[in-house]
Amino acid sequence: MSALVIYHSESGNTRKLAQAVATGLGVAAVSLESVDMTRVPDCDLICVGTPVQYGGPSRAVRKFIARMPAMPGKRAAAFCTMHASGDAKTIHQLQLLFEAKGMVFLGGISARGWSRLIGRIGPRIFNRGRPNQEELAGAEAWGRSLLSQSQPLRPADVPVPEVATTP
Ligand SMILES: Cc1cc2nc3c(=O)[nH]c(=O)nc-3n(C[C@H](O)[C@H](O)[C@H](O)COP(=O)(O)O)c2cc1C
C-alpha cells in the first residue's frame with residue numbers, strides 16, 4: 001500500500017497535524033510546494049491537509065487537487081486546522097473534489113490551530129498550544145486506521161459481471 005500525505009501550511013499548524021497523520025501511516029509528510037506530481041497516480045491513498053481559509057480549503061490545495069489526474073477507485077482522506085469554524089464544510093468540499101476524480105473518500109479530521117489576530121485591544125494569540133498532544137495522538141491513530149482501509153483492490157474483490165448464457 002503506498003500512501004502520500006500532502007499538506008499546505010502557512011503558520012505550521014496543519015504541518016504538525018500532517019506529521020502526526022504521516023507517522024500513523026508510516027510515511028513522511030510532504031509539503032504542497034515539494035510534492036512530486038509523478039508519484040501521485042501510483043498511490044493507493046492520497047491524504048491532504050489544509051488550513052481552513054474563508055470557510056473552505058485553501059486555494060493552493062484546491063489547485064493541487066485540480067491538477068491531479070483521475071484516480072478511479074483509489075482512496076482519499078483529508079484533514080484541516082482552523083481558528084474556530086469551517087472544518088466540516090472544508091472536509092466536505094475536499095470530499096467532493098476527490099470524488100470528482102473517481103476516488104473513494106475515507107473521511108476527515110480537524111483540530112484547532114493557534115492564530116494571531118488583531119482585535120479591539122490589539123494583537124492576541126488564540127488557541128495557544130494547539131494542535132495539542134492529545135489532538136496529535138488522535139491524528140496519528142487516525143493515520144493508522146487509514147492503513148487498513150486503503151489496501152488496493154485484489155482481483156477477487158472486483159465483482160465479475162454476470163454473463164447471459166444462451167440455453
Ligand atoms: C486568510 C485566512 C483565512 C482564514 N479563515 C478562517 C476561517 O474561515 N475559519 C477559521 O476557523 N479559521 C480561519 N483562519 C485561521 C486558520 O485556519 C488557522 O490559523 C489554521 O490553523 C492555520 O493553519 P496553518 O498554520 O497550517 O497555516 C484563516 C486564516 C487565514 C490566514
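Select strands S3 (45-51) and S4 (75-82) in this predicted model. The two strands pair in the parallel sense, over seven bridges. Among the residues to label is proline 51, whose bridge partner in S4 is threonine 81.

Keep S4 selected and display its side chains. How many of its eight residues are buried? The count is eight of eight, and S4 is accordingly described as mostly covered. Colour the two faces separately: Arg75, Ala77, Phe79 and Thr81 lie on one side, while Ala76, Ala78, Cys80 and Met82 lie on the other. Both faces are covered, and the residues on each are all buried. In a regular strand, side chains alternate between the two faces of the sheet.

Next, select the ligand together with the 20 residues around it. Ser9, Thr14, Pro51, His83 and Gly113 come nearest. Pro51 has already appeared on this tour as the bridge partner of threonine 81. Colouring the shell by residue class gives five nonpolar, 13 polar and two charged residues. Helix H1 (13-25) and strand S4 each supply at least two residues of this shell. The largest share, three residues, comes from H1.

Proceed to helix H3, residues 87-99. Its 13 residues should span 18 Å at 1.5 Å a residue, and the end C-alpha atoms are 18 Å apart, which agrees. Which residues of H3 are buried? They are Thr90, Ile91, Leu94, Leu97 and Phe98. These buried residues cover an arc of only 120° around the axis, which puts them on the same side of H3. To see what covers them, add S3, helix H2 (59-67), S4 and strand S5 (104-112), which are included in that cover. Then rotate to the other side of H3, where Ala88, Leu96 and Glu99 are exposed.

Pause at glutamate 99, which belongs to helix H3. Why does this residue count as exposed? Glutamate 99 has 12 other C-beta atoms within 10 Å, and a residue is classed as exposed if that number is 12 or fewer. A distance to draw from here is the one to glycine 73: the two C-alpha atoms are separated by 9.6 Å, although the residues are 26 apart along the chain.

Select helix H4, residues 133-149, as the next stop. This helix has 17 residues and reaches 25 Å from its first C-alpha to its last, close to the 24 Å expected at 1.5 Å a residue. Its buried residues are Ala139, Trp142, Gly143 and Leu146. They cover an arc of only 105° around the axis, which puts them on the same side of H4. Show H1, S3, S4 and S5 to view the elements against which these buried residues pack. On the other side of H4, the exposed residues are Gln133, Glu134, Ala137 and Ser148.

Finish with strand S6, residues 115-119, and strand S7, residues 122-126. Is S6 covered, or does it lie in the open? Of its five residues, the number buried is zero, so S6 lies largely in the open. S6 and S7 run antiparallel and are joined by five bridges. Label serine 115 and phenylalanine 126 to display one of the facing positions, with the phenylalanine in S7. The connection between the two strands is a hairpin that passes through two residues.

Key:
Residues are numbered from 1 along each chain as its sequence is written. This is a predicted model: local features need pLDDT of at least 70, side-chain atom pairs count only at pLDDT 80 or more; totals for chains, interfaces and linings use all residues. A residue is near a molecule or strand if its C-beta atom, placed from the backbone, lies within 6 Å of it. Helices (H or I, at least four residues) and strands (E, at least two) are DSSP runs, numbered from the N terminus. Ala, Val, Leu, Ile, Met, Phe, Trp, Tyr, Cys and Pro count as nonpolar, Asp, Glu, Lys and Arg as charged, and the others, Gly among them, as polar. The expected span of a helix is 1.5 Å times one less than its number of residues. A residue is buried if 20 or more other C-beta atoms lie within 10 Å of its own, exposed if 12 or fewer, and partly exposed in between; C-beta atoms are placed from the backbone. The arc is that of the directions from the helix axis to the C-beta atoms. Two residues are in contact if their C-beta atoms, placed from the backbone, lie within 7 Å. Two strands pair if DSSP finds at least two bridges between them.
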